[in-house]
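Open the model in your viewer and keep the selection tool at hand. We will walk through it one stop at a time.

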Amino acid sequence: MFVEDIRNDFYNTLLGNRVLLLVHYDVDAICACKILQGLFKCDNISYTLVPVGGISELKTAYEENNEEIKYVVLLNCGGTIDLVDILQPDEEVVFFVLDSHKPTDICNVYSDGQVRLVYKDEEENIPNFDDIFKDDDEEDENEEVESGREGIEAVVERRRARKAWEERRHTLMFNYTQFSYYGKPSACVLLELAARSSRLCQAALWASAVATAAHSALHARSPARCLLDAEALHRYVAAAQRHDDSAANRTACVVMEKDAWLPLYREWTLEAALSHAATLAPKLKLYARSGSSRLRQLLADMGFPLQQARQAYRSMDVELRRSLLTALETAAPKHKLPVPTKATFILQRPHLPPLAALDTVYVIMAHIEHETMPKAEGFQQALAALEVSGDNEAWRRGAAAARKCLQAVASLVHTTLSSRRLLLAGPFSYFIVQEGTPEAGVVRGPLWLGEAARWVAGGCARPLLASAPGPPATCLLLGLPPRFDHEPRNLFGAAFEQAATKSGVSVSLDYVDSSVITLPTSQRAQFLDALTALLA
Amino acid sequence: MFGEKVIELLKEAERNRDTIDQYNDEKVRQIIEEMHVLFKMNMADANATTENKSLWTTVQVRHSALERNKRCLLAYLYSRMNKIKTLRWEFGSVLPPDVRELLSDSEYEWFSKYSTNLASYMRSLGQDIGYSGIDLTENLRPPKSLYIEVLCLTDYGKLELEDGDVILLKKNSRHFLPTSECQTLIRQGILKQIM
Amino acid sequence: MGNQSNYLSISDILVTNEKVPCKFLHDLPKMGFLDPASTEDDLKTGTNVEIPLWLAESLYSRRPPLVSVDLPKIYKEAYREILNADACTVDLHKLGQHFYELGCYIAKHDIKGEVGNTLVNTFRQRFRMILSASASTDSISALQPLSDTERERTAGAASTEKALSTWLKRGDCPLSTANMVASHRKRKRAEMEML
């Protein structure tokens, strides 16, 4: 069931109750969580926050914490599974689900009040209730009552109708669940809630800006959709700026500016940022021998001496820093590169360097999929990195980790492409990260593996599979749809499921994002064969 | 011989000013032994003073060594006592087993008595104005808000709140709770406040 | 830093444990062990020995005094001149860990009565050092030449400074783990790592 009014039917119901908040490990969920925490703080709603990484973790988290809990809020998890069936909750427990993973499970949609979906996405083509559910008992009773020839005809007629209905239902369900994709960022939905409760603050704006940047940087949504999602945010940022011009110098504030779409370039060198940007690097073909000369050529066309480009951006010549955006804009088209500038959100801080939303996305990713830090601790660090006031220590540590991750991803991509490890298997290509390589530790989570996969694919027309070693003897398999940068709908979720049943491989479909699975390393070849046969 | 051992004992205690050490049973016994020896020598020499008057000064020197040892031992016990008092305020009335085993038996007895005394004093507070006691170990700093956000640092287990709700404190879980419920746990290092 | 002894104070006990040079004015039977250089049983008149201050005090306070107390070299003319010229150059940690406290005790044995002035003068000059050490980030090298109490003052100043600046920044200080609990944990963790 969908919530009609996000403020009255969702938020106000929670007032005065203790809430269990289950949050998925992804950038959007953490941003959304930050906004919700801010609201809860204002209204003294006591809550317990548990991060969850997958469906089984969701289950244990619920079981451990459900004592005396009446309201559970799920952020970016639980929407795509039948919650009531999986969690077996008491009848009076209510689940509020805000999940940008789509499609939403049909049982959640038509739940009569126990599962309430906070936001209704207009893009979703949810089948009608009557087309999916039918009261079986009623029919059986009717069958018995009638008799005689007419009766039999009627029964036959009804059976035929029923069969047709079932077929129709099957097609509808198939069409509905065929692709997995992402909806509007949850943080943007909660920003609306904050605005409606007149609790809009810079922290909420910033969190929502980071979530928007995440969806566009990680290609969760098509570029046009990303722009539409951020529409409300643009309005609120503009309004807030008009509002407190006087306070601008004293407190941190979110502004919208044209900025270079290069990861962490303020914390890095320009050369490094250019060669680690997911939009540029694949096109520069840095894995090839001629790649570095292409990069040098680009810098030369921009008018940046190599010596300047190689030193920390902060200590680069001021004139050069000022001319960066125009230089990029004029030089990039000459090399047939996409223009790496974009109107994006920046957090201006008093007496401290500004933070870019894109950088924060990578910072959060580096925290939650840290090579050595446990995930739950990384989650806390990620929340701390979203803080707007004060000197953000967690952010800086995350930036250092993110640089390392990006470097690992780059070197992984380069070795994969230069040593021809990108293999072709009928309808799709795939690559496998070998166990024991220095990069394997970085890409053992879906976020960084996804980053590497997108980089390897470079927008080619073939779907791509990436696999990396996970916990002992198992591996992670991630599917990337073709032309993900325009239409990020992912067919692999359904395909994985079918291939698993056909091949009999014991696949674990634990991830909330269905295009990511884990399976025993020994059975990977068998599974890929089944998948090839299925998609051919 | 002359109060050197006892200095070692005190230096040990002084090195770890912020924590309490294992009660050094062995060393205390040795020092008391030393004092017995000094005392016996003094007895013998005091009896001999009638023949040799100059021994009298020797007896006096030994006596001041005895007094010195006594003073040092008392100082040792006294400094431990102060630390044990702090234990009651910081760890609460139930000591974790690893702290408990640092105390000697009589020290633990003293701790229990102090704890009971403090508890009954706190219960008696404010009865004339209709309160049934005030927990002095709470609100050592003026609280700034009714609810605070906390991060759980260890797997603590279940916590029952005043309103009967039960929450599970598991490592790295975050909670937003009434300040009054968390203070003691924060002081005990189980929760950490997040600003 | 008074002369009235704090009977139970460990730091005072450690101060009175410092050795001072003494000259014995009478024979002391059976006390030969006080002079490490002698092999005889008795201590002869006129021997010069370094003995702990507490023993020296108790021998000195006899009527007639059994010893005459000499100044330790840091309080003597040569060092006094250095200290009066520029006290900041002196490494008090090496030369006199309890410079001020011991000085208070020793002042009465100084016939010229200049030790007291030197103490005040020295502190006045070194105060700047303490202040800068408390604000310094490179605390180890800044702390190096300071005496024990000076270090204590520095640590106190630094923690106050820090508390003030966090308060100014956020206007609020989070509740935190109690001192002894935190250091107990820290120590336990260190011990675990040692294993």
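The tour below starts with a whole chain, moves to a sheet, and ends with contacts and domains.

Before you click, note that this is a predicted model, in which local features need pLDDT of at least 70, side-chain atom pairs count only at pLDDT 80 or more, and totals for chains, interfaces and linings use all residues. Residues are numbered from 1 along each chain as its sequence is written, while chains are lettered from A and ligands numbered from 1 in the order in which they are written.

**Stop 1: chain A as a whole**

Select chain A. There are 23 helices and 15 strands in chain A; helices (H or I, at least four residues) and strands (E, at least two) are DSSP runs, numbered from the N terminus. Turn the chain around: its C-alpha trace spans about 95 × 55 × 40 Å along the principal axes.

How does the radius of gyration of chain A compare with that of a compact globule? For 536 residues such a globule would have a value near 24 Å, and chain A has 25 Å, which agrees. The radius is taken over C-alpha atoms, and the globule rule is 2.2 Å times the number of residues to the power 0.38.

Of the 536 residues in chain A, 45% count as buried. A residue is buried if 20 or more other C-beta atoms lie within 10 Å of its own, exposed if 12 or fewer, and partly exposed in between, with C-beta atoms placed from the backbone.

**Stop 2: a sheet across two chains**

Now show chains A and B together. Here 8 strands form an open sheet in the order 6(A)-4(A)-3(A)-1(A)-2(A)-4(B)-1(B)-5(B), with mixed pairing. Two strands pair if DSSP finds at least two bridges between them. Strands of a sheet pair through backbone hydrogen bonds, either parallel or antiparallel.

Find the edges: strand 6 (115-117) of chain A and strand 5 (191-194) of chain B each pair on one side only. On average, neighbouring strands of this sheet are turned by 25 degrees against each other, direction ignored.

Next, select strand 1 (residues 19-24) and strand 3 (residues 71-75) of chain A, which run parallel and are joined by 5 bridges. In this pair, A:Leu21 stands opposite A:Val73 of strand 3.

Where do the two chains meet in this sheet? Strand 2 of chain A pairs with strand 4 of chain B in the antiparallel sense, over 3 bridges. Label A:Thr48, which stands opposite B:His175, and A:Tyr47, which stands opposite B:Phe176.

Stay on strand 4 of chain B, where 4 of the 5 residues are buried. This strand also runs antiparallel to strand 1 of chain B, with 5 bridges joining them; there, B:Ile148 has B:Leu177 as its bridge partner.

Add helix 2 (residues 27-42) of chain A. This helix lies across several strands of both chains, among them strand 1 of chain A, to which it runs at about 160 degrees. Axes are lines fitted to C-alpha atoms, for helices over the stretch in contact, and angles run from 0 to 180 degrees between N-to-C directions.

**Stop 3: where chain B touches its neighbours**

Two residues are in contact if their C-beta atoms, placed from the backbone, lie within 7 Å. By this rule, 16 residues of chain B are in contact with 16 residues of chain A. Strand 4 of chain B gives the largest share of chain B's side, 5 residues. That side has 9 nonpolar, 3 polar and 4 charged residues. Ala, Val, Leu, Ile, Met, Phe, Trp, Tyr, Cys and Pro count as nonpolar, Asp, Glu, Lys and Arg as charged, and the others, Gly among them, as polar.

Now bring in chain C: its contact with chain B takes 37 residues from chain B and 36 residues from chain C. Which helix of chain B gives the most to this contact? Select helix 3, with 17 residues on the side that touches chain C.

**Stop 4: domains**

Colour chain B by domain 1 (5-123) and domain 2 (147-194); such bounds come from an automatic or database domain assignment. The C-alpha centres of these two domains of chain B lie 39 Å apart.

Finish on chain C, divided into domain 1 (19-71) and domain 2 (72-170). The contact between them takes 5 residues from domain 1 and 7 residues from domain 2.
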